Amino acid sequence: MRCNVLPRIALLVAGAYLINLAAPAAAQTAAPAPEAAKAPAEAKAAPGAAEAGYTGPRISLLVFPFDTSEVQGAPEGLGESLAKMFKDGTLRSTIFTGVTFNPKFPVLRRALDETTLSAADLKEPFTLDPRDTERAAKIGRVMDMPVALGALQDFNYDREKKEATVTITAEIINSQTGRIDKTLVASGKTPASMVVGTETDYLLRAAELAGQDLLAKIPGVEPTLVVKPGENGKTATDEGEKPVVVEPVKKKSNSGLWAALAVLAGIIIAGSGGGGGGGGTTTVGPPAPPY
């Protein structure tokens, strides 16, 4: 029995060594944790930082149809379409949530019955003229919300260049004070790829692009982080944010692992050879003399 003790002890020691050696190797070859590959931080709004820092509840904003009377030949319904685009754009805002103006709102009908408002107060269009902004603010006070007015302006069409430009101005007005809290100006130009169409087609396309530019300027809307190709296959962003680069994991050499396997195999063979056949004996040295 004693002759088999040493191989068994050696076997156990080698097995423990093998387990301890294999664990770090497995950890080195495992995939990196999700935290190691974090995406670039989203860019914070540089313009209107004070508005972007607003943390209160979202405020209802009464949006009136945009005025198109300054642009000759503007198609019917364009002002309503621009107002709807603006109202939908407030869905991305952390401050405002748009409400489309409707003179048939029950609260406005009741104000008419109580003579708080007159029919002239609700008459469209609502331009950026001070008299119209005052009417809009009056309606906003009845509905207890700020108001937004907009106008299509400065439309230019170059027949030779096949190019159209347009400007949109919007104002957010404090209905309690009647003062303008924010003025937003956006512009749009038809792309060079547009070479066929009527003047109205060019106007609509330029107005659409100006409307998209306007949406990014609504208070509380953070700019979208645009990732574009950079040098040497890397990426760059419009905000100058450097994406996190995850270095490849270097695999640890397995030479120690194979050596441990060879030692273990040798011990197993030696142990089986010493105990098999019945003819072999294992010499054990004499015990140490007593003290």
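## Close-up views of a predicted model

**View 1. Strands β1 and β2 lie side by side and run parallel.** In this predicted model, strand β1 (residues 59-63) is joined to strand β2 (residues 96-100) by five bridges. Between the two strands, the chain passes through helix α3 (residues 78-89), and the resulting β-α-β crossover is right-handed. Two of the residue pairings can be picked out by name: I59 stands opposite F96 in β2, and L61 has G98 of β2 as its bridge partner.

**View 2. Five strands form an open sheet with mixed pairing.** Read across the sheet, the order of the strands is β2-β1-β3-β4-β5. Because β2 and β5 stand at the edges and each has a single partner strand, one side of each is left without a neighbour in the sheet. From one strand to the next, the twist averages 30 degrees.

**View 3. Helices α5 and α6 pack on the sheet.** Helix α5 touches β1, β3 and β4, and its direction makes about 145 degrees with that of β3. Helix α6, for its part, touches β3, β4 and β5, and its direction makes about 40 degrees with that of β4.

**View 4. The largest nonpolar core has 31 residues.** The residues with the most contacts inside this core are F66, F86, L152, V166 and L214. Two or more residues are given to the core by each of β1, α3, β3 (147-158), β4 (163-173), β5 (180-189) and α6 (199-215), and the largest share, seven residues, comes from α6. Around F66, leaving aside its neighbours within four places in sequence, the contacts are with G79, L82, A83, F86, G150, A151, I168 and L214. A second core, separate from this one, has 18 residues, among them L62, A111, I139 and I173. In soluble globular proteins, nonpolar side chains tend to be buried together.

**View 5. D132 is a buried residue of helix α5.** Helix α5 spans residues 130-143, and D132 lies within it. The relative accessible area of D132 is 14%, and this residue therefore counts as buried, since the cut-off for that term is under 20%. The side chain of D132 is joined to that of R135 by a polar contact of 3.0 Å. When residues up to four places away in sequence are not counted, D132 touches P125, F126, T127 and L149.

Technical notes:
Residues numbered from 1 in each chain as written. Predicted model: local features only at pLDDT ≥ 70, side-chain atom pairs only at ≥ 80, totals over all residues. Heavy atoms only, no water. Helix = DSSP H or I, 4+ residues; strand = E, 2+ residues; numbered from the N terminus. Buried < 20%, exposed > 50% of the residue type's maximum accessible area, 1.4 Å probe, protein only. Polar contact = N/O pair within 3.5 Å; in protein donor to acceptor, adjacent residues only side chain to side chain. Contact = heavy atoms within 4.5 Å. Pairing = 2+ DSSP bridges. Right-handed = clockwise from strand over helix to strand, strands pointing away. Core = buried A, V, L, I, M, F, W, Y, C linked by side-chain atoms within 4.5 Å. Axes fitted to C-alpha atoms, helices over the stretch in contact; angles between N-to-C directions.
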